[in-house]
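These are my notebook entries from a first reading of the structure shown below. I set down what I looked up, in the order in which I looked.

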2 protein chains.
Amino acid sequence: MTAVKHDVFQAIADPTRRAVLQLLSQKQLTISEITAHFPISRTAIAKHLGILSEARLVSGEKVGREKIYHLHPEPLTELKQWLAYFEQFWENKLSILKHVVEDDE
Amino acid sequence: MTAVKHDVFQAIADPTRRAVLQLLSQKQLTISEITAHFPISRTAIAKHLGILSEARLVSGEKVGREKIYHLHPEPLTELKQWLAYFEQFWENKLSILKHVVEDDE
DNA sequence: ATTATATAACACCATTTGGTTTCGTGTAAA
DNA sequence: TTTACACGAAACCAAATGGTGTTATATAAT
């Protein structure tokens with residue numbers, strides 16, 4: 001499924017994948033355990049995990065007959081950095097407001 | 001083009017759309033001006049602007065025969081908040097390290 | 001009044017996405 | 001040694017995505 005690389009932006013675009021990340025942030029889980037939280041098939045979850053793996057947001061290790069996935073949040077720094085650039089265009093509005101208030105006193 | 005709603009996560013998933021946001025952060029631009037920066041058709045750019053508009057990241061006002069688009073970065077707060085949750089799972093590693101160093105002194 | 005421009009509105013297309021079901025295989029439990 | 005289980009791989013599908021080109025319309029410039 002999808003030989004081309006998925007980046008972190010695409011990986012988090014899907015709500016199911018975001019929910020999977022949320023789950024894995026609490027506790028490492030097998031594919032079946034993750035599937036139990038969603039109304040879709042195990043195969044579909046496995047595909048989502050594949051996309052998250054391509055984006056290096058999770059990794060899975062085989063243990064016996066099951067595969068345990070755990071969160072790898074580091075690639076989110078790319079997202080954070082991208083966001084940081086845009087913050088100057090709206091969080092600044094707060095500091096401008098602050099100045100207005102300060103000028104008022 | 002896509003009657004269903006696009007959220008901010010989907011909106012920023014595409015690299016062209018991220019580049020458009022970047023452009024609009026510098027200066028408001030017409031559709032044609034934006035198109036000049038990309039190797040794709042004006043129609044394609046207009047569709048991307050439609051998706052960005054659905055996510056409330058941009059808005060366009062008709063001025064004469066052209067339509068001027070400007071950035072509306074506020075919806076990115078949703079992304080920022082989502083990210084904030086995950087930061088505890090990796091930025092913490094720095095503070096743990098910090099403790100180790102502090103314990104060393 | 002005519003012509004050129006900027007965009008909107010369509011119709012169309014190939015590929016990707018998000019899902020399914022089926023079948024095969026390795027591992028654990030009876 | 002059967003049987004049950006967790007997963008991988010494959011084939012398939014409908015809808016969405018990211019593009020194209022054509023045509024129509026309103027506005028600006030000659």
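The entries that follow deal with salt bridges, a sheet, aromatic pairs and one threonine.

**Entry 1: the model.** I note at the outset that this is a predicted model.

**Entry 2: salt bridges.** I searched the whole structure for salt bridges and found four over all chains. I looked at B:Asp7, which forms a salt bridge with A:Arg18, the closest N and O atoms being 3.8 Å apart. B:Asp7 lies in the segment before helix H1 of chain B and A:Arg18 in helix H2 of chain A, so this pair joins two chains. I then looked up the accessibility of both partners. A:Arg18 is buried, at a relative accessible area of 13%, whereas B:Asp7 is partly exposed, at 23%.

**Entry 3: helix H5 of each chain.** Which residue forms a salt bridge with A:Lys80? I found B:Glu87, with 2.8 Å between the closest N and O atoms. A:Lys80 belongs to helix H5 (residues 76-87) of chain A and B:Glu87 to helix H5 of chain B, so the pair joins two chains. A:Lys80 counts as partly exposed at 30% relative accessibility, while B:Glu87 is buried at 19%. The cut-off matters for B:Glu87, because buried means under 20% relative accessible area.

I next looked up A:Glu87, which forms a salt bridge with B:Lys80; their closest N and O atoms are 2.7 Å apart. A:Glu87 lies in helix H5 of chain A and B:Lys80 in helix H5 of chain B, so here too the pair joins two chains. For B:Lys80 I recorded a relative accessible area of 29%, which makes this residue partly exposed.

**Entry 4: the sheet of chain A.** I traced an open sheet of three strands in chain A, in the order E1-E3-E2, with antiparallel pairing. Strand E1 (29-30) and strand E2 (58-63) are the edge strands, each pairing on one side only. Between E1(A) and strand E3 (residues 66-71) of chain A, I noted antiparallel pairing over two bridges. One bridge partner I looked up was that of A:Leu29, which is A:Tyr69 in E3(A). I also asked what H2(A) lies across. H2(A) lies across E1, E2 and E3 of chain A, and runs at about 90 degrees to E3(A).

**Entry 5: aromatic pairs.** My search of the whole structure gave 10 aromatic pairs over all chains. A:Phe9 and A:Trp82 form an edge-to-face pair, 5.8 Å centre to centre, with 80 degrees between the planes. A:Phe9 lies in helix H1 (residues 8-11) of chain A and A:Trp82 in helix H5 of chain A, so the pair ties together parts that are 73 residues apart in sequence. Both residues are buried: A:Phe9 has a relative accessible area of 3% and A:Trp82 one of 14%. In chain B, I found the ring centres of B:Tyr85 and B:Phe86 to be 4.9 Å apart and their planes at 85 degrees, so this pair is edge-to-face. B:Phe86 is buried at 1%, but B:Tyr85 is partly exposed at 25%. I closed this entry with a cluster in which ring pairs link A:Phe9, A:Trp82, A:Tyr85, A:Phe86 and A:Phe89.

**Entry 6: B:Thr77.** I located B:Thr77 in helix H5 (residues 76-87) of chain B. B:Thr77 is partly exposed, with a relative accessible area of 28%. A polar atom of its side chain lies 2.8 Å from the backbone oxygen of B:Glu74. Finally, I noted 9.6 Å between the C-alpha atoms of B:Thr77 and B:Val8, which are 69 residues apart along the chain.

Definitions and conventions:
Residues are numbered from 1 along each chain as its sequence is written. Chains are lettered from A and ligands numbered from 1 in the order in which they are written. This is a predicted model: local features need pLDDT of at least 70, side-chain atom pairs count only at pLDDT 80 or more; totals for chains, interfaces and linings use all residues. Side-chain values use heavy atoms; hydrogens and water are left out. Helices (H or I, at least four residues) and strands (E, at least two) are DSSP runs, numbered from the N terminus. Buried means under 20% relative accessible area, exposed over 50%, partly exposed in between (1.4 Å probe, protein chains only). A polar contact is a pair of N or O atoms within 3.5 Å; within protein, one must be able to donate a hydrogen and the other to accept it, and residues adjacent in sequence count only if both atoms are side-chain atoms. A salt bridge is a side-chain nitrogen of Lys or Arg within 4 Å of a carboxyl oxygen of Asp or Glu. Two strands pair if DSSP finds at least two bridges between them. Contact means heavy atoms within 4.5 Å. Axes are lines fitted to C-alpha atoms, for helices over the stretch in contact, and angles run from 0 to 180 degrees between N-to-C directions. Rings of Phe, Tyr and Trp (its six-membered ring) pair if their centres lie within 6.5 Å; planes under 30 degrees apart count as stacked, over 60 as edge-to-face and the rest as tilted.
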